[in-house]
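Colleague: I'm new to this one, so could you take me through a single part of it, the sheet, and then what sits around it?

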Amino acid sequence: MSKTALVTGASRGIGLETTRRFILNNDEITTVVMFARDSEDFDTNVAELEKELPVGRRIVPMKVDVGDRSALKKAIKQAHDEVGNIDVLVNNAGYTNPVPLQQVKMADFEKTINVNLYGPFTIVKTLLNRGNRFDLIVNIASTAGINGRSGWLTYSASKAAVINMSQVMREELSIYGTRVVCLSPGRTATDLRKTLAPDEDPSTIMQPEHVAQVINTMSSPVGRFIDSENIVVRQ
Ligand SMILES: NC(=O)c1ccc[n+]([C@@H]2O[C@H](COP(=O)([O-])OP(=O)(O)OC[C@H]3O[C@@H](n4cnc5c(N)ncnc54)[C@H](OP(=O)(O)O)[C@@H]3O)[C@@H](O)[C@H]2O)c1
């Protein structure tokens, strides 16, 4: 069995570590399409992954802003034409700008919802409309989507919506044999966490490879035996 995965926010953090595990430690996934915006980090990390690639495995990096709907649709079509059916989708790209609610700018709220909610929805809908049949969709939410956090209004609201959207997707797509997993990490040592908690020592919290390992397990045959309603991964 040779499967194709698409991981968004694959330039660093949880998305990069998930891509690495898919390509190195997953018996079924042979191709991973990586979505992220253009950055030095992305180029460097792709070049490093290329050096580690086992024979018969490939990565397909694509530069796209998940918050730009028309660019996103174009990139999805291009990816689908190039690699064919996407069997495993990991909606991981995430954005946050934590400010007290009086200081929330609507444009920034809209950006948060665009990247964290409309992006994943657009990818799923566009691929379904092209006849794609997913085995598995993993939507990355957050424990902040379960309990809203002071100062994180826009982010918490967007992640609560991801949890709810995942429930609907799970019900609607089950007729196609698609599993939909919602995964809510707690504090994980990445750039995004630094934005949310700048004074925290990253060595004291969960690392991105720990979350990636859980995503990889969910994508393996044993994953189907784990209740995927909203998996909380935290210390
Ligand atoms: N770290 C935590 O404590 C924590 C806890 C709960 C949930 N999460 C969730 O985990 C996911 C991954 O975040 P992370 O912690 O691994 O943070 P990260 O290392 O900062 O990575 C965030 C990723 O999202 C991508 N991204 C952001 N905006 C994007 C856009 N407009 N278009 C395309 N890609 C975009 C970034 O890519 P570029 O900037 O290179 O484009 C990057 O690859 C997010 O959904 C986040 O909300 C994280």
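Modeller: Sure, and keep in mind that this is a predicted model. The sheet is an open one built from seven strands, and if you walk across it you meet them in the order S3-S2-S1-S4-S5-S6-S7, with parallel pairing. At the edges stand strand S3 (58-63) and strand S7 (231-233); each has a single partner strand, so one side of each is left without a neighbour in the sheet. From one strand to the next, the twist averages 20 degrees.

For a closer look, pick the pair made by strand S5 (residues 136-140) and strand S6 (residues 179-185). These two run in the parallel sense and are joined over five bridges. To find one on your screen, go to valine 138: its bridge partner in S6 is valine 181. As background, strands of a sheet pair through backbone hydrogen bonds, either parallel or antiparallel.

Now for the helices that go with the sheet. Helix H1 (residues 13-25) packs on it and touches strand S1 (3-8), strand S2 (29-36), S3, strand S4 (88-91) and S6. The direction of H1 makes about 165 degrees with that of S2. Helix H4 (residues 106-129) lies across S1, S4 and S5, and runs at about 165 degrees to S4.

While you're at H1, have a look at arginine 20, which forms a salt bridge with glutamate 17; their closest N and O atoms are 2.9 Å apart. Because arginine 20 and glutamate 17 are three residues apart in helix H1, about one helical turn separates them. The structure holds 14 salt bridges.

Then there's the ligand. It has 30 residues around it, of which Ser11, Arg12, Arg37, Tyr155 and Thr190 come nearest. A polar side-chain atom of tyrosine 155 is 2.6 Å from an oxygen atom of the ligand. Backbone atoms take part too: a polar one of glycine 9 lies 2.9 Å from a ligand oxygen, and a polar one of asparagine 92 lies 2.7 Å from a ligand oxygen. Taken alone, the ligand exposes 870 Å², and the protein buries 97% of that.

Notes. Residues are numbered from 1 along each chain as its sequence is written. This is a predicted model: local features need pLDDT of at least 70, side-chain atom pairs count only at pLDDT 80 or more; totals for chains, interfaces and linings use all residues. Side-chain values use heavy atoms; hydrogens and water are left out. Two strands pair if DSSP finds at least two bridges between them. Helices (H or I, at least four residues) and strands (E, at least two) are DSSP runs, numbered from the N terminus. Axes are lines fitted to C-alpha atoms, for helices over the stretch in contact, and angles run from 0 to 180 degrees between N-to-C directions. Contact means heavy atoms within 4.5 Å. A residue is near a molecule or strand if one of its heavy atoms lies within 4 Å of it. A polar contact is a pair of N or O atoms within 3.5 Å; within protein, one must be able to donate a hydrogen and the other to accept it, and residues adjacent in sequence count only if both atoms are side-chain atoms. Accessible areas come from the Shrake-Rupley method with a 1.4 Å probe; for residues, only the protein chains shown count as cover. A salt bridge is a side-chain nitrogen of Lys or Arg within 4 Å of a carboxyl oxygen of Asp or Glu.
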